[in-house]
Amino acid sequence: MNKTVTIYAVVSSKGSYDDYCEWVEKCFTNKDDAYEFAKEVDKSHIYDHSLTDEIFNEVDNHFYDDFFDIELNKFCEEHNIPNNDDELHRTDEQQETINKLCDYLGDKYNEWCINYLTTHYDNKYTADDWEKYIEYYEHKWDDWHDCTIKELELVIDDEFKL
């Protein structure tokens, strides 16, 4: 004979219309615990940061102007690989080499930007400020909704053990 237990599912959701989605974060047998957890989840969707969009954009632009583009151009010149307007004249092998270089340079993005940020703004910002802004930027357009609690009946068979 099966038993039932009332559980409280904490449901997160974001988006709207075609982009709307929801999922269960966690289930509880205690309603108050579910509401407390829902508050924590809602707070986690707030991304505090101290950088402005203008400073981020400036640092980002300097990464490409002062590092990425210079390294790419230098590499192309050293290896006689067409660059800029001549990109269409690259061989498949040359393009693969350039793609690997771009991946390598891209991997340097955060390190380079943090160094630039911390040295060009009189130590006003830290690596943590950069990381918090990146997290904010990645979720900037998320349309989070407050969590909801759904009361459900969980059916437990006689063989269930904790």
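**Figure 1. Asn-80 in the loop between α2 and α3 of the predicted model.** Asn-80 is exposed, its relative accessible area being 66%. Although Asn-80 is not a glycine, its phi is positive, at about 55°. Asn-80 is also among the residues touched by Gln-94, which are, residues up to four places away in sequence not being counted, Asn-80, Ile-81, Pro-82 and His-89. Gln-94 itself belongs to helix α3. A polar atom of the Gln-94 side chain lies 2.8 Å from the backbone nitrogen of Thr-91.

**Figure 2. Asn-123 in the loop between α4 and α5.** Asn-123, which is not a glycine, has a positive phi of about 55°. With a relative accessible area of 64%, Asn-123 is exposed. Asp-122, just after α4, likewise takes a positive phi, here of about 50°.

**Figure 3. The open sheet of three strands and the helix that packs on it.** The order of the 3 strands is β2-β1-β3, and their pairing is antiparallel. The edge strands, β2 (21–28) and β3 (144–156), each pair on one side only. From one strand to the next, the twist averages 30°. Helix α1, formed by residues 31–44, packs on this sheet and touches β1, β2 and β3. The direction of helix α1 makes about 150° with that of β3.

**Figure 4. The antiparallel pairing of β1 with β2.** Strand β1 (residues 3–14) is joined to β2 by 7 bridges. Ala-9 stands opposite Cys-27 in β2, and Val-10 has Lys-26 of β2 as its bridge partner. In the hairpin of the two strands, 6 residues lie between β1 and β2. Gly-15 of this hairpin takes a positive phi near 90°.

**Figure 5. The antiparallel pairing of β1 with β3, and the surroundings of Thr-6.** The bridges that join β1 to β3 number 11. Opposite Lys-3 stands Ile-156 in β3. Thr-6 is placed in strand β1 and, at 26% relative accessibility, counts as partly exposed. Apart from its neighbours within four places in sequence, Thr-6 is in contact with Phe-28, Thr-29, Glu-151, Leu-152 and Glu-153. With one of these residues, Glu-153, the side chain of Thr-6 makes a side-chain polar contact of 2.8 Å. The C-alpha atoms of Thr-6 and Lys-31 are separated by 9.4 Å, the two residues being 25 residues apart along the chain.

**Figure 6. The stacked aromatic pair of Phe-67 and Trp-112.** The structure holds 17 aromatic pairs. In the pair shown, the ring centres of Phe-67 and Trp-112 are 6.2 Å apart and the angle between the planes is 25°. Phe-67 lies in helix α2 (residues 53–78) and Trp-112 in helix α4 (residues 109–120), so the pair ties together parts that are 45 residues apart in sequence. Phe-67 and Trp-112 are both buried. These two residues also belong to one aromatic cluster, which is formed by Phe-56, Phe-63, Tyr-64, Phe-67, Phe-68, Tyr-109, Trp-112, Tyr-116, Trp-130, Tyr-133, Tyr-136 and Tyr-137.

**Figure 7. The edge-to-face aromatic pair of Tyr-121 and Tyr-125.** The ring centres of Tyr-121 and Tyr-125 lie 5.8 Å apart. Because their planes stand at 75°, the pair is edge-to-face, planes over 60 degrees apart being counted in that class. Both tyrosines, Tyr-121 and Tyr-125, are buried.

**Figure 8. Helix α4 and the elements that cover its buried residues.** Helix α4 has 12 residues and reaches 16 Å from its first C-alpha to its last. This span is close to the 16 Å expected at 1.5 Å a residue. The buried residues of α4 are Tyr-109, Trp-112, Cys-113, Ile-114, Tyr-116, Leu-117 and Thr-118. An α-helix has 3.6 residues a turn, so residues three or four places apart point the same way. Among the elements covering the buried residues of α4 are α2, α3 (92–107) and α5 (127–138). Tyr-109, Trp-112 and Tyr-116, buried in α4, are members of the aromatic cluster.

Definitions and conventions: Residues numbered from 1 in each chain as written. Predicted model: local features only at pLDDT ≥ 70, side-chain atom pairs only at ≥ 80, totals over all residues. Heavy atoms only, no water. Pairing = 2+ DSSP bridges. Helix = DSSP H or I, 4+ residues; strand = E, 2+ residues; numbered from the N terminus. Axes fitted to C-alpha atoms, helices over the stretch in contact; angles between N-to-C directions. Contact = heavy atoms within 4.5 Å. Phe/Tyr/Trp six-rings, centres within 6.5 Å; stacked < 30°, edge-to-face > 60°. Buried < 20%, exposed > 50% of the residue type's maximum accessible area, 1.4 Å probe, protein only. Polar contact = N/O pair within 3.5 Å; in protein donor to acceptor, adjacent residues only side chain to side chain. Expected span 1.5 Å × (residues − 1).
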